[in-house]
Every structure is written in C-alpha cells, then in structure tokens.
Amino acid sequence: MVCALGSALCFGAATVFQAAAARAAEPGTGSGVDVGLLWRALRQWRYVVGLGLDGLGFLLEVVALRSLPLYAVGAALAASLAVTAALASRMLRVRLRPVEWGAVAAVCAGLAMLALAAGREGHRPGPPELPWALLGIAAGVLLLGAAGGRLPDRPRALVLGLGSGIGFGVVEVAVRLLDGIDLADPALWALLLGGGAAFLLLTSAFQRGAVTTATAGMVLGETLGPAAAGVVWLGDRTREGLGWLAVTGFAVAVAASLALARFGEPPAVPDAPPRDPRDPRDSLRTESP
C-alpha cells in the first residue's frame with residue numbers, strides 16, 4: 001500500500017503540470033486524437049516534468065500491482081486527486097472549502113478501510129482470451145477518442161477523460177498478466193497501446209474541455225473496470241469476513257475523489273489590469289505573450 005500511495009502522490013502532482021502545459025500548447029485540428037498536440041505539449045518543460053513524475057509513479061504502481069488486489073491499487077490511484085488538493089492548498093495557496101477538506105478526509109478513511117480489508121493479489125492467470133480482449137479495448141480507446149472529438153465541449157471532455165481512464169485501466173490489468181518481456185504476448189502490446197492512447201486522450205481533454213470533467217471521467221474509467229477484472233478473472237479477494245469493508249472503502253475513496261476533481265485544473269492566471277489611454281505609463285506597457 002505504501003507503493004500505491006507513493007504512486008498516487010506522483011500522479012497527483014503530474015496532473016497539474018500536464019494540464020497547465022496542455023492548455024498552453026497551440027491548438028490543433030480539433031480532433032479528439034491529435035498526435036501533434038502531444039508533440040507540442042512535449043516542448044514544454046512542465047509537461048516533461050509531469051512525464052517524469054508519471055514514470056516514477058508507474059514504477060511504484062507496478063510494484064503495488066504485484067502485491068495488492070487491483071481494486072485497492074485503483075482506489076489508491078484515484079486518491080491522487082486528494083494529494084493534488086492538499087498540495088494545492090499549501091504550495092499554490094488554493095483555498096479548500098470545508099466540504100473539500102471533508103472529501104480529503106473521506107479519501108483517507110476509504111483507503112484505511114481498504115488497507116484493513118484487502119487480501120493479497122490473486123494468482124489466477126485469467127482466461128486465455130483476456131490479453132487479446134485488452135488489446136482490442138486499447139485500440140477501441142483510440143476510436144473512442146476520434147468519435148469523442150466531434151462532440152460539444154462538456155461531453156467531449158467527459159468522453160476523452162473516460163477513454164483515457166479505460167486506457168490506464170488496460171495498463172493495470174496488463175501488468176498483472178505479464179510474466180517477463182515477450183514480444184509475442186498481446187498483453188505487452190495492450191500495455192503499450194493502452195498507455196499511449198490514454199496519454200493522448202487525456203492531453204487532448206485537458207486542452208479542449210473542462211479539466212474537472214475530464215479528470216472525473218478518468219477516475220471512473222481507471223478504477224471500476226480493473227477492479228471488476230481482478231475479482232472476476234484474476235482471483236482478487238478480501239480478508240475473510242471483510243468483503244463489506246473493502247466494498248465500502250472502495251466506494252468512499254472513489255466517490256470522495258470525484259468530489260475533488262476540480263483540482264485537476266491548473267490555477268488560473270490573474271488578468272492584467274485594464275489599460276487607461278489617459279495614463280502615459282500605459283502607452284509604454286506591452287502585452288504579455
């Protein structure tokens with residue numbers, strides 16, 4: 001669980017860096033899947049820092065996935081929004097409302113319940129069709145992004161965020177299925193395609209819609225599917241007699257994280273003071289780029 005929480009810390013900080021960089025990047029064609037947008041975002045140092053944090057978070061996530069059930073890791077990753085909110089309140093001086101501090105506390109309580117109730121990861125290999133299904137889902141994420149890019153602003157952000165969450169969920173399940181590096185293993189290609197598609201859709205969602213909506217969709221996509229796959233096919237279980245506590249903790253952690261979705265949004269830059277043509281000092285002031 002320590003590695004899962006460390007992963008959430010990295011992902012929570014990375015979200016703010018990547019959202020700010022995506023918003024600052026030049027707009028592209030308006031398509032939901034814009035490879036050029038990812039390239040333009042990579043030119044910004046904030047996005048590179050976010051990727052570095054994501055890389056570290058992914059390594060910690062892999063360790064967690066090898067020792068915890070998928071439902072516990074998924075809830076811990078959703079808690080990255082609580083981490084972002086707590087960091088924003090101290091480092092960015094963002095004021096949290098009492099209900100949002102309550103949501104942070106609820107996330108912590110939900111994770112505590114999961115830590116008490118979670119058993120060890122399951123050891124079932126899953127059905128032989130599962131790796132191919134993951135590869136198909138990963139390809140479907142790209143198609144979902146292409147279709148979502150044609151929607152109006154609000155549903156577009158939700159669809160792109162949900163698609164990115166599904167892609168990240170594919171990565172979580174694929175990590176459990178992999179047993180070494182085998183180029184003939186469809187789970188490996190599902191991991192690569194799902195992770196790449198998820199980054200692409202999430203970057204597009206951050207630029208072309210409300211980051212709050214996109215982040216909420218991502219949380220739902222990356223928690224519910226993997227948790228169900230772990231229980232149904234991979235043998236994830238709870239401690240004896242504590243199934244109710246695990247379900248309660250998972251629901252509380254995810255619901256409270258959704259209440260904090262606005263903290264995926266980078267802080268707004270204050271507008272410049274209005275220019276007064278009668279003030280000679282304003283004639284010398286230039287517009288900021």
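## Exercises on an all-helix model

Ser7 sits in helix 1. That's our way into this predicted model.

**Exercise 1. Work out whether Ser7 is buried or exposed, and which residues it contacts outside its own stretch of sequence.**

Step 1: Check the accessibility. Ser7 has a relative accessibility of 0%, and buried means under 20%, so Ser7 counts as buried.

Step 2: Skip the neighbours within four places in sequence and list what's left. Ser7 is in contact with Gly57, Leu60, Glu61 and Leu77.

Step 3: Place some of those partners. Helix 3 runs over 45-65, and Gly57 and Glu61 are among its buried residues.

**Exercise 2. Find out how the buried residues of helix 3 are arranged around its axis.**

Step 1: Look at the helix itself. Helix 3 has 21 residues and spans 30 Å from first C-alpha to last, close to the 30 Å expected at 1.5 Å a residue.

Step 2: Collect the buried residues. In helix 3 they are Tyr47, Gly50, Asp54, Gly57, Glu61, Ala64 and Leu65.

Step 3: Look down the axis. These buried residues of helix 3 fall within an arc of 85 degrees, so they line one face of the helix.

Step 4: Recall the geometry. An α-helix has 3.6 residues a turn, so residues three or four places apart point the same way.

Step 5: Turn to the other side of helix 3. There, Trp45 and Leu59 are exposed.

**Exercise 3. Describe the second largest pocket: how much space does it hold, and what lines it?**

Step 1: Get the volume. The second largest pocket holds about 390 Å³ of space.

Step 2: Go to the lining. It has 22 residues, and those closest to the pocket centre are Phe11, Asp54, Glu61, Phe168 and Phe199. Asp54 and Glu61 also appear among the buried residues of helix 3.

Step 3: Sort the lining by class. You get 12 nonpolar, six polar and four charged residues.

Step 4: Trace the lining back to the helices. Helix 1, helix 3, helix 8, helix 9 and helix 10 each supply at least two residues. Helix 9 gives the largest share, with seven.

**Exercise 4. Compare the surroundings of Gly221 and Pro125, starting with which is buried and which is exposed.**

Step 1: Locate the two. Gly221 is in helix 10, while Pro125 is in the loop between helix 6 (98-117) and helix 7 (130-148).

Step 2: Check accessibility. Gly221 has a relative accessible area of 10%, so it's buried. Pro125 has 67%, so it counts as exposed.

Step 3: List contacts, again leaving out residues up to four places away. Gly221 is in contact with Leu162, Gly165, Ile166 and Pro226. Pro125 touches Leu177 and Leu234.

Step 4: Look for pairs far apart in sequence. Gly221 and Ser164 are 57 residues apart in sequence, with their C-alpha atoms 7.3 Å apart. For Pro125 and Trp233, the sequence gap is 108 residues and the C-alpha distance 7.9 Å.

**Exercise 5. Zoom out: how many helices and strands does the chain have, and what share of its contacts between residues at least 6 apart joins residues at least 24 apart?**

Step 1: Count the elements. There are 11 helices and zero strands, so the pattern along the sequence reads α-α-α-α-α-α-α-α-α-α-α.

Step 2: Check burial. Of the 289 residues in the chain, 50% are buried.

Step 3: Filter the contacts. Among those between residues at least 6 apart in sequence, 84% join residues at least 24 apart.

Conventions: Residues numbered from 1 in each chain as written. Predicted model: local features only at pLDDT ≥ 70, side-chain atom pairs only at ≥ 80, totals over all residues. Heavy atoms only, no water. 1 Å grid on protein atoms, 1.4 Å probe; cavity = no way out; pocket = protein on both sides within 12 Å on 5 of 7 lines; lining within 4 Å. Points joined across faces, edges and corners; volume = space filled by probe spheres on them. Helix = DSSP H or I, 4+ residues; strand = E, 2+ residues; numbered from the N terminus. Nonpolar A, V, L, I, M, F, W, Y, C, P; charged D, E, K, R; others polar. Buried < 20%, exposed > 50% of the residue type's maximum accessible area, 1.4 Å probe, protein only. Contact = heavy atoms within 4.5 Å. Expected span 1.5 Å × (residues − 1). Arc of directions from axis to C-beta.
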